[in-house]
Structures are given as C-alpha cells and as structure tokens.
Amino acid sequence: MSSDPLYGLIAEFGDEKALVHAAKRARADGYRRIDAYAPFSVDGLSDALGFRHDRIALTTLIGGIAGGAGGYFLQWYTAVIDYPINSGGRPLHSWPAFIPATFEMIVLGAALAAFLGMLILNGLPQLHHPIFNAPEFDLASRNRFFLCIECADPKFERHTTGEFLTNLQPLKVAEVRR
Amino acid sequence: MFHKLTARLEGKPIDATPPSNDRGGFWRSLDEIRDAEVFRDYITERFPRFAAHLNVDRREFLKLMSASLALAGMGACSREPQEEIVPYVNASSGRVAGEPRFFATATTMGGFATGVLVESNMGRPTKIEGNPTHPSSLGSTDIFAQASVLDLWDPDRSQVVTRNGQIDTWENFGATLQRRLAALADKQGDGLRILTETVTSPTLAAQIDQLLKRYPRARWHQYDAINRDNIYDGTRTAFGETLDVRYALDKAQIIVSLDADFLGAGNARVRSARDFSHGRGAADGETRPNRLYAAASSPTLTSAMADHPLAVRAADIETAARNLAVALGVPAGTPAEISDESKTWFAACARDLQANRGASVVIAGESQPPYVHALAHLMNHALANAGATVTYSDPVVAHAENQTTSLRELCRDMDTRGVDTLVIIGGNPVYSVPSDLEFKARLTAVPFVARMGLYEDETSAACHWHLPATHFLEAWSDARAYDGTATITQPLIAPLYGGKSAHELLAWLVAGTLKSSYDVVRDYWRPRLGTDFESAWNSALHEGVIAGSMFPQRAVALKRDLSIDNRPPPASTDDSSLELVYTPDPSLWDGSNANNAWLQELPRPLTKLTWDNAALISPQLAKRLSLENEDVIELRLGNAMIEAPVWITPAHADRAVSISLGYGRTRAGRVGNGRGFNAYALRTSDAPWFAGNLQVRKAGRKYALATTQHHHAMNGREVVRVATVDEFERNAALRGAQQHQATRAASLYPPFKSDGYAWGMTINLSTCIGCNACTIACQAENNIPVVGKTEVARGREMHWIRVDRYYEGKPQAPRTHFQPVPCMHCERAPCEVVCPVEASVHDSEGLNVQVYNRCVGTRFCSNNCPYKVRRFNFFQYADQHTESLKAQRNPEVTVRMRGVMEKCTYCIQRIANGRIEADKAGRRIRDGEVITACQAVCPTQAITFGDLNDPASRVKAVKASPLNYALLGELNTQPRTTYLAKVTNPNPDVTAS
Amino acid sequence: MPPAISSTVDPLDESRLKVLKGAYSYGSISDKISDIVLTRPTHWGWIAGFAFCSALTVLFVAAIAYLFYKGVGIWGVDIPVAWAFAITNFVWWVGIGHAGTFISAFLLLLRQKWRTSINRFAEAMTIFAVAMAGLMPILHLGRPWFFYWLTPYPDIMNLWPQWRSPLVWDIFAIGTYIIVSILFWYMGLIPDLATLRDRAAGRASQIMYGLAALGWRGEARQWHRFDTAYLLMAGLATPLVISVHSVVSLDFAIGNTPGWHSTIFPPYFVAGALFSGFAMALTISIPLRAIFGLKDFITARHLDNIAKIMLVCGLLVAYSYGVEIFMAFYSADQFEEYMIMNRMIGPYAPIYWIVILFNVIIPQCLWFKRVRLSVPTLFALSIIVNVGMWLERFMIIVTSLHRDFLPSSWGMFYPTFWDWAILLGSVGAFGWLFLMFVRFLPAISISEMRKLAHDKKGGDL
Amino acid sequence: MAQVFEPRLVLWLKLSALAVVAFFVVVILIWRISIAPHPSIGSPVEQIVPFSHKHHVSDVGLDCRYCHTTVETSAFAGMPPTDTCMTCHSQLFADARMLAPVRKSFASGQPLRWNRVHDLPDFVYFNHSIHVAKGVGCETCHGPIDRMPLTWRTATLEMQWCLDCHRAPEKYIRPRDQVFNLHWRPPGSQLILGKKLVEEYRIHTSSLTDCSICHR
C-alpha cells in the first residue's frame, strides 16, 4: 500500500436515486476511480460508473464445455479403451448411455465456473479492505448508499474533491483512512 | 494308482487302522481320543489354515448373524494377515498338492448301497459324485448321498465314550464288556442281543454269524423304521420264499404304481429314475415315451410324474389292486365297488397292460400290505412281465426276516427279563420304534445296554454306554446294492472324533481282541476274491464294485396252493372317517438326517416346505374342515395324540391326512432338535404305514411354516411348455419355429463374437422328476450357505438352482410340473447393464459372471433378473466360526461374504480347471470333459451342458430339438440355458372321458 | 416497526394477497429478518421442534450404526423385493428437493416477484432433502463402505464404473445437484452474510459471518457480476432439476420389471417431485411464518400460488396414473396387465387406493379459493400429499417387484422396525438441519427483500 | 466502523487454513500407506529356518523344480517336504544349529511352518502350471530369486500388476525351455519374440482380461 494514509473520500446517501445521480455526476466530472456501495443491486448504478462487460457468461460457457467434453471423454476412454468389458451384450461405446452423465458434467462445470468466476473477478474473498474504515459503513449492508472517490484517482485532490462531494447533498462526507 | 492308494491308506496318520502290534492301541486313552492326536497331526499336515483352531469349536452352527464388524469385510483394501505354508513331512503320500483326487466307496441308506466317488481336496472329503460303474448309481446320486458329506464334518457328532451320560473311556468299556462276555460265555450267550439296522454288509453279517456261533443262544435283531417287511412278506405270500424284486423300467412301456414311489424312495431310487427316464426319453420327440399310471394316497415324486395319477386312500389301494387284477383276469375274488373316476382309470390301465404284455410292470409300494404285493406279482406273471421287466433274486438283506416281528420278540423277551446284554449298533430305536412297543420304557429293564452311534441321540440317552461310531468316510466296510452287487467302502480320512466302526466292535465281541476294520474286511474277502487277492482287492477299490458279486436272477414259481381270491375284501372303511398316512420324509427320511442342515433347508419336492414337516391334506378336505395352511390340528389315533400344522396339498387323497416321519427329534443336535412334529408318537407296530379312524380337531393356533414357493399356478404364462405326444407330433414344426424366433429375435446391438468356447445348457422337462438332487449337489459344490428357517420364511434362501413346481388343472387332480431354474446366462443379460461397478459382467465364453469381491450389493441386478435366480447375502450367512465346516468347503470356490450377490456360475471352477488342462495340452476342451455339479448328479440326465461352438457337442444337438425353448424368450434376454418342452403320454381314452 | 400481525381477517380480503404487506423501509426489513438470527430470543416452538427432531436424529444414527454392524438383512428386503424403504425414501427426498430449485431458479427466470421471500428457505429445504436422499442409496448397499466404487477414480484394480447403469447416472445427477444447489444457495447468502457481519454485536459472530461473507462490500461492480452469475446459475439449475428426477426415474424405467419399464416415467416423476416438493414447502413455510412472525413477507399470496402449482402438478400426476393403466392394457402385454390388476386388487391394493385418494382426489379441493386461503386446510393438505407421494413411490417399487415374471418366485415385503427407524430418522435429521438453518442464517433473502421494497415503491405488488 | 478483520488476523487465518489443509494431506497419506496392500515388498520375510535361495540356486545349482515339484502340474507350486531337505542335510551341515528345526520336524513328523511370501486374497485363483506352460518365467513374478539370501517379494500382486501382463503378455513371456532360467534375456526385441510366442503358445489375449480368468 502506498505511504498515503488516505484511501479516499466517501459520501453517504439516504437512497439509491441520490447515489446513482452522484455517480453520474462524478463520472461526468472526470473521476475514474469511483466506487459505489449499495445494500442491494441498484439498477443502472454500474452503468453510471461506466461498467458494462463482466466476463461471467464467457467463463460459464467455457466451464460447461470443459465439463461436458471431459465427462464424455472419461466414459469413452474407460469403457472402450482402458478396460473394455462386455456388459449385457451392449456395444462398448454405448453413446446413448453416456449422455446422462455427460449432461450432468456440463451443468456442474458451468455452475462451478459461474460461481468461481464471480468470486475471482470480484476479488473475493478479501476480508480486509480500507473501505471498512469508513464511518457508518456498516450501514452499507443495511439501508445507506455510499460513493467513494479514491485518492488513487488522477483527478483526486483532497480539497476540490471534498467540495465536489459536498455539493451532491450527501448525508455526510468523510475521509477513508487506510 | 492302487499302490498309491493303499500306501496312502496304510501310512499314518491317514490310516484308519492302528498297527496290529500296538496292543493297547485299540483302547486308546481318553485324552488321546479327546484331542485326537492323529487327527491333529493329520490336519496340521494337510490343511494348516485351520490347524490353528483345532479344539473343535462348539459355537452354534446356525449362528448366522455373524458378530464380525461391518468393516471386517473390507477384503479389497485391508491387509492380509501373515499366513503360513505348511509342507508335508514326507512325500510318500503321492498326492499332488493342490489337485483334488477321487476315491470310490459307497453310501448306504436302509442298508442298501449307492456307489459313489468322493472328491478329496488335500485329504479333506468335500464332494460326492456318483460312480458310473455301480449299478444303483450309474454316475448319478441322490440328495442323501450328496448331503452325507456334511454329516462327516458335523460338529454335533458324538466325540467321546459316555457311560450314563458321563464322559468315560474305551478301556473302561472294554473292561466292562470283558466281564459281561465272560459271564455270557457260561450260558452260551443267553440274554445277549444285538440290535442293528438293516444289514447288507457281507462282512458284518459274517461277523454276526460268528458271534451267534460262539454264543448260540444269543439273538440278532434288525430294525429300520422304513423297512422292506411288506415286500418280503409279499414274495413269501406269492412264492413261498423270501425274494428281492427288481424292475427293468427301461424295458417297460406301461408302468403301474400301486402307491410305490420308485423314483423318490426304495432301494434303487437312482437307478429306477435313470431307467424310467430312458423310457421317457423324448429329447428328440421321436421315440414314444412310456406311460405311467400311479395311484397314491400322499403325492410322491412318482405320482407327480404320472400321466395318470390317481389319488386314493392307502387303504383303498388294495381294492384298487383287486379291481385291476380282476380286470386282468387274475382271480382276486369279488372286489368292492370303486368310484367311477377310478373305474375309467383302471379300465384304461388294464387295456394298456393287456396291450403291452411282457413290456409293462405293476409295482406295489413298500407301505402296502403283503397281499397287495402278492397281487402285483400275480398280475406281472399273468402279463408275462415276470422274467422280462420283473426279475427276482435271493434277498440282498442278510437274514431278511420280518423286522417288526423280530422287534416284537425282542420287546417280549425284555419283559420276561430274557435280555441282560443288549448291544445296539446304529439306528435310533428309542426314537423310531412304533409307540405301542414302548421301547424306551422296556430298555430301562435291561441291565446292560451299549449303543454305538454317530450321534449321542435319544437312544444313547436311554443306554448305559454310548460309543462314538465312525462315519462311512472314516472306516472300512462293505455293502450291497439293490441287486446284490457288493462294494468295499473305503475311508478317506481318519476318524475325526476317535470313533470306532461296527466291525471293530463286533471283532471285539467275537474274539475279544483288537482287529481293525481294515483287516476284518480284507479277511472276509480274501478267500472270496479268487487267487490273486491283492489285485482283485485293488481293482475292487478302484472300480468301487466287486466284479461278479451281483446276485443272479432266480426262476420263481407262484405257490401252487396260492389262494388269494377267497380273502375277504377289507372292511370298507366308512367314508366319514379319516385315514392317517405315514410317509418317509423326502429329506430327513426316517429322521436319521435330522441334523443335516442342507437336507433340512432343502425344499420338499412337492410342498416346497423347509425345516418342518406338516399334516398334508387335500384342498377338498381343507374346505370341509375349514382349515387353512399353518392351522395347527390335533391328530388323535386311539389315545395317542400329536399336533401338527396343516399344509394343503393338491393331488392328495381326500379323507386322508399324511404326515412325514423323521421330525420332532429331541437329541438330534443343534440343527435338528425340536423341529417339526413326531409322527412316530402315533405309529403302531400293527399299522406301521396307515391307520383308519383318525380324529382331527382344530387347535385354534397357527404355526409358521417356511416355504420357498407361494404361488403354484402359472397364471397362463408360458413358463413350462407341455404337450402330449399327439399334440406334439401334430405341431412340432410350429413349436420349433416359434421358439427359434423367440431366442434369436432381432436386436439393436451387434453380437459379441465368441470364437473360443460358448457354454450353454439344456434342461429336459420331460425327464426332470423334481428330486432336488441338483439343488443340493450345487450347494455342496459351491459352498452355498444355509440360512435357517426364519430367513427362508423371509424369502432369503440361497440355492443357486431351485426346482419350481407348478400345478395345472383341477386342484384335486392336477398335473404337476417341475422346472429347475439355474442362472440362464443370458447373452443380453439384464442384470449386467444395471450393475454400476462391473461386478456382474460377461466373459468371452458367454458366462454371466458374478465377481463377489467387486460387488457392493446394490441388488439392482436381482430386481432386473426376470428369472430371479440371484441370491443375496443379507447377513454373513457363511459360517465363519465352525472350523470343521470350513474343512468341508470346496477350495475352488470363493466363500461369499455378507452384502454381496451370488448365483449359478455354470460351475466356473470346473470350467477353469478344464480350460487350464486343455490349454496345457494345447487342445480344446472335449465335449463332456466339463460337467456341472447339477448335471453330474441328475439321476435322469435331464441336464446337458457343453460348448455351443463345438459343432459335435451334445448340447448343440439337444438345442436343435424342436422341443427346445427359452424361458421368457420374448424378453429377448437370449438365455444360454434353455428347456426342452415337457412331453406327456396320457391315454387318449381317459383324457377323452 | 412492522404492523401488528392480524390473523383474523376476511380470507378474501385482497390486501392479504400482496407479496409484501405493510410499509417497510430497507432498514426495517434488514432488522426484522436479521434480528431473528442475531437478537430475537429463541421461540418455544423452535425449541420444541428442535428437541423432537434431535430425538429422531439420534434414532437415525442408531439405526444406521446397527445397519452397518449387522447388514441390510435387518430390513424387510428379500428376493424378489430387493429394494423397498431405502429407495422409496431416496426418491421421495429427491422429489422434495425439487421444489426449492424450482422456486429459486425457474421462478427467477420467469421474473416472479413472489418467489423472493420464499426462495431462501426453499433452497435450504432442497439441500437438506437432497442430503437425506443422497444418504439412502449408500445405506442400502450390501457393503456401504465401498460406495466410492461407483465413482470414477484410478484404482489398483484398473476398474471403472459401468456407465450404462442408472445408478452411476444417479451418482452424477445427485452429486451435481447437491453441489449446484449449495453453490446457488451460498451465493445468494453472501450479501446477507455481509449484513449479519455488519450488524452482529459479538466479536465471534462478527468473525464467523465475516468469514462466510468473504469480505463482500456491496460495490456496484460486485453487484453486477453477482447478478449475472446468479441469473446464469438459475438458467443452469432449471434444466438440472428436470434432469435429476428424470435420471432417478430411469433407475426404474431402464429395468425390465413390469411397472417400471415405461417411457412415461421421466415426466411422471418430475411432476410427482414438484408435487411433493411444493407440499413440503407449504409444510415448512406455514409454521415458519407463524413462529417468526413473517406473515408480512410470506403472505397468503405465496400460499395461494404454491397451492395452485400443487394443483397443476397433482393433475399431471393423475394423468400419469391414467396413462399407466391405459398403456398396460393397450400394450396387451400380459405381465403389464397383471401388474396393474395386482396393484388394484392384489395384496398391496390398499396402498394403491390410498395413493389415488391422497394424490388425486383430495387435492382437487384446491380448485376452490376458499381452500387455498385457509391456512390450516393447506397445512393438512400438504401433509396428506407428502404421505401420498411417499406411498406412491413405495407402490411403484414394491408392488412391481413382488410379482414380476415367474409366479414361482413371487414374494411379499414386510417392513421391519429398522425400516421405519430409517424413514422417521431421516425426517428428523432433515428437520434438525432445517431448524439449525433458520436459527443461524437468514431464512429470507434480505438483500432481495430490500430490492422488493424498492420495487414496491415503484408500483403496487 | 472498525475493520472486522485486521491485517494480522487475516494473516493468522490464512496460516491456520494452510495448517488445516496440510493436516488432512498428511492424514490421508498415512492412511493410504497403512492400507497399502503390500508394504513388505523388498523386505525379507522372517522364516523359521533362514533358507537361502541364493545358496541353493546360485551356489549349489538346484533347479526350481527340485523342491517346487508340482509347479508344472498343479495350481500350487509345491513346498518341499522335510525329507527333501534331509536328502542332503542328513549328510551336509548335518548338525548345523540353524537346521535344528528341520531335523526336529523330520524326527517328530511335525511339519515345518514357513511364512508365506506371496499371499493372494482368497477370492483370487492363481494357477502356476498354466503360467509355466505359457512361458511365464519364474523370474518374471518372483524376481532374481537366485540372488536372495532371504526371500522377499518383488511384485505388488495388485490386480493392476496382473493386468499389466494379462493385457500384453508379449511384454513378458519367454520360450518354454527358458522358464526356469533366471538369467534369460531376450535375444533382441522382447516384443517381437513375445508376439511370436503368443501366436505359438495359442494365448487367447482376448479372454485374458475376463474377470472369470482369476475370480470364481
């Protein structure tokens, strides 16, 4: 972490509209390192922050393909190549019988990919985070809405950024220390 | 082989015969007998694995729910304990380690011998096969022979000499006997009595004769609860002399049985079945099968096979016989009237007999009075069957007198203090003597009673001395078959429990000196085997028969003053009264097999009951008395009364109740004690087989019986295919066509090519008599566990091949069909597809194999098996505690653990050995080289097994028969086991009316 | 503060049919739900239920211990009826599991707002039910300690599972199903765990919930990815849930036993699964809303909708029964015909008729709104359907097996004490797990309820 | 609001997580090793008489079949009866202390009790004679027995070990006359020779992996 004891400035809002509005303003104002925190998934908030493409869908697709292909290959290899055994006079490569397990493997692969993808891309688990130092941030998981501008932001400047936030009529503005 | 054999049998410790120089050897000290040194060395040397636990373990035999921890079963991944290899000390035994060997000997029942070959694995007798050279076996055996090997290893056998119940020694007995004999010598043996079972052993008979010579006033009595008195009295009535009667059933086109169960009982059971099936033949459908008329009170294997069964009361058989005789022009007075149904039966029967003079036979049952036998002889003479299908010889039984009379005399003398020393050898008179003779009470009056027996049973309890006897696999002896052919019975193992043989005891009684049974038997035969004794002796041992010992046929003439027509017709028993019929138990016989768990659990051929006997009644009678299965009834005869549960039995004579002998034992052992109901309590010496005026009362209780088959109809399903000869000839082609498309139906799957062997089996339903021999042979061969009554009642019996029994037609006169069902080894096996772990799979020879050590026990395969031939180890059924029972097991077959599925393997161990031998010789397995246990034992050779890829194999030929069909073929399981449809040969006249 | 819970109102009062009753702020919702876990004193009803379930769980454990010690012989199973209670329980529990996934996944895809307040505990129900189901096939093995032989792994025997066996398909289906259900459930929990973390008083619970929350901050981008993943998972879970019971039904349909060998089984079983599943959802939600005062969140509207779905599933099941009978005679297959007749008039006929009564006739009263809105009636009905569906599985399994092809090998099945112990024990264990869940985790999704409140501000629900 | 997880706590948590993982890895390893079917490969088995194959084969030059008489005819290779030992040892080392048990056995008739070196599970049926007949050398399974002062096992005897040969016998088999030669090396490529012998000895490789070949 950088020597700067300050992580950023945070503004607390009472409802989601104010937060979305504030986020748009901040972005319009040229800020880029902005985080918006809400107790539930607020429509349009991530757009306001200019975030559109998460790569979850792609990950899931890959996971599904991998699971399915792997599953079928395993069955084919073990039943036809590794130890061919006559079971009930059925052909060694009884593809119809291999489908159920294959399907389940597709779902499993995809589901795992989706879940892990979500965690990893979200940088979770991350138990310690400076934002938790923000006053009243525990309400972020209850009924308050926060906008934080990090001092890592090129346009960040302690004074002007503070004023900018105050102008958004938040419930309060505060410093977030590391 | 001979010298090896004899060497093996003379060399210690296998030798059953102590060296003669060893004076004190005979009366071994108690300790020696108790931990049987000889046996211990022997075991240690031969099969070390159980040498460790030799103090023969008394833990309960049927203790099935083993206390082994669940995880103890983890064969696959638990480490094997360090095991030992123990070589011989000297190799002179000439045995090839790891290879089984066979020895010829004979089992006896009711005194008559059946020749067998006994398989010995490293010195342990484990399996019994028939001896092809023996006349009453011809390679087959019956359930009794198969089960007898289990008796050898029975931990309940008596193991010590006892005096008044206290453990004592042979010396003391010897000394005591010395004193008595000395005393007896003075009065020429007055008061000395020997009581034995029926004796055909020439040696034993000779020994007893010597004894009687030495003690002129001594007497010898023979008694068997199921004896041939009526037969011998019958010949006395008809010919004025005692004769044995033989029937050449293979030559008879028409066979009439008057309550005779020649297939299931009698002294030539196995042979008769073989001969009968020859006449039945018909695997091809070409030769016309014989026709069987059978009148019976309680249904038997014979009446079940009959084209024309007739259910009549035992007492009415005489009337029936008279009617038949009269119809054949034999002067038999004026018989009483019989029912119309019977009339047509007899009319047709008589016509058939007349039409087949010299090629027919009338057989009277052992339970029928002499008079009926005499009638049978007359009819056979009138029909010119005598000399053709019926031949006569001197009695095979030594001193063939009326056993009941003889026993009565013994009892009388007991009362008059005429008996002071009684030696009982074998048998179990206290249990099996008719109740009116009160044998037990009388026994107490005798000052000295010594008893030699295999078990310390009811009789031993009533005697002063009990002496452990040897099993027939433990001692030298000899015995005659139904036709007089003699066999030397040789031991395969030293006496496990320090027993002695009857020969040794008698040798002592006669000479007062030690003489081993080996010497006794040899000394008897030495003068009789011609000049070169040794080679004759050895070939006798090797062949299992003594050449030329068969009794010659006797020309016989009917008594001139024979007057049977003036005999008054039997007092026609009024219709209201009931008749009680005693039958030998199909498994326990007279009760001597009561402690044999295999026989106890073997479903009775017709009732399919296990572990119990029951009062069998006809459905009509059940309706009249409003009785249901398992209702307990009181059977009252005079003032004797027993209770027994009812079992409704189709084809049973109306107004008759039949109950089998042999149950209700109190001192049989842990297996047999307290099972079933003792019919001897009602039996009287003057009415040993059936009695009138039976009183029946409902006791108002139920008694649970364990049966293996609850449904007796085929529900219109084509399970057993039956056709009369005529029907068959009409549409044989059609049937053939049908079944071919049934088995070779189209399939989505490409066939698996099998260029090697392709094993297959056929079962001929025309010749299957339902005797269950296959079931018990399979049990012996494949280490199949016994599960006990409660488990059977829960539908958990383990038999790999079961014999299904179906009834067809009217309940009072149904047709009976038997169908043995082993694994079908389907080429499209439903069981395999659903097994998740490849425990049930196919091998390249077309076997449906069950890999026990891979099985996890989902039981899916059993659900999916349309034939329900799979058996599951719901508990640890295989006895893991009783060491002697482990010794009995077949080392070639895995002993299954709890939680795994098992089933018929086509005796894969035999196939494997055959394959290995053939491979080593670089050839294919020859047809008939691999014989399954069920095939080998089958008295009628109904089972054929072999390689379907061998164009010359018998099984391939049989499968080509138009009779061949696949059970449930429509399911397209393509079974390798198929059936030959049953062809019957009823008389059109009867079926028409 | 939430308004007082009024139970005596006109059943047809439309206000009761709202998805969310009363005026709630984000705060009050959060507090109301999280307080159940964090601060509210334990309700006597919970304690009573917990004691009861614990007792049954002990019985369950004892029965399993004895089973491993002795072998499956302690049950009534035999030849021919080699499967009975254990597999019946298995199918029953899997079926119950289905409602949860259906509610949380399928209804999510259909944008059904009313699912919000019931999906969380429905998912929990799924997980615990499937856990019970998963146990059964293992318990019923002859050698349970080798159950892992059904899974593909390189072993010293070089052997693999036999892929044509439906039991192997089961392993994959059930395995996938329980994993996906847990992931789906846990994912939904993460934001709520964050809430609990932030509202917990004690340090210990802070850390516990904190760990489970994985450091969730509710940042906009996190929410965005969360939503996508959650939607995708729902999309996956929906076909999965269909496949799972189809595979379960193949355990029977693949077999050749009359009464099993039928192509209608997959849809038939899925319908039956949802039927019993929604019944169980009712059985659980009714006491839940009463004990924890959640009648504003789980309103008559929810019960009404669940009842309607039950009605539909019940009709599908009834249709399947009809088709079974029709096909038996239409096929002119003597074994099939006998099987049906045997079910109707054979030794197990009473069970068949109870099944018809419980699953077909009685549920018809759900046509009436008055019934759907009467809570006690619904509760009784849900129990009836649960029992009925268990009996249906028993009927399918046992009455088909006990008389199949060869009359000679027909037999009967009689349950033993240990059969019952396993069944009741599993019910107890299920209840035990569920009670633990409602005690330590939010039984209703807080973040989604906030969203619901947000939507409510938009338009009436 | 205060951080729930201070950096130090986070570090501590990570470490303990690692510890837990490590613990389970170790436990599983120990378990696997303890149930490994044959931990005793390569370690001599304790015997009542310290019998040396090295001495009897390499030094004295006995043929395998001198003692293991039934190896060509029977499933069981055969263990020498005591009198086989005594044929020599009544003269040679007639009173060596270590041979005392042999003499005792011979005198008393009590057999010698050797500890098994190769012990298959009871559900596996192995037949020596057929393997010998098809050209599987003693050495192939028993290793350099002639260099073992005390006897130990060189093969795992696990199913996969059996399958290795049953799937491709050509990798191992040798001419029949070389079966008992412990120093035989293929003259050239084993595979080429093996394939030829598989033909010659009519080894049906198709059925060699049937379950029923070893399990009954």
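How many residues does the contact between chain A and chain B take from each chain? The contact, meaning heavy atoms within 4.5 Å, takes 8 residues from chain A and 11 residues from chain B. This is a predicted model, in which local features need pLDDT of at least 70, side-chain atom pairs count only at pLDDT 80 or more, and totals for chains, interfaces and linings use all residues. Residues are numbered from 1 along each chain as its sequence is written, chains are lettered from A in the order in which they are written, and side-chain values use heavy atoms, without hydrogens and water.

**Chain A and chain B**
- About 950 Å² is buried between chain A and chain B, 62% of it on carbon and sulfur atoms; buried area is the accessible area (1.4 Å probe) that two parts lose on being put together, summed over both.
- The rule finds 0 salt bridges across this interface, a salt bridge being a side-chain nitrogen of Lys or Arg within 4 Å of a carboxyl oxygen of Asp or Glu.

**Chain C and chain B**
- Here the contact takes 54 residues from chain C and 63 residues from chain B.
- Chain C and chain B bury about 5,000 Å², with 57% from carbon and sulfur atoms.
- On the chain C side, Ile79(C), Arg143(C) and Leu406(C) lose the most area to chain B, together 15% of what that side buries.
- The rule finds 2 salt bridges across the interface of chain C and chain B.
- Asp404(C) and Lys868(B) form a salt bridge through their side chains (2.8 Å, N to O).

**Around Phe437(C)**
- Leaving aside neighbours within four places in sequence, Phe437(C) is in contact with residues including Arg120(C), Phe121(C) and Trp185(C).
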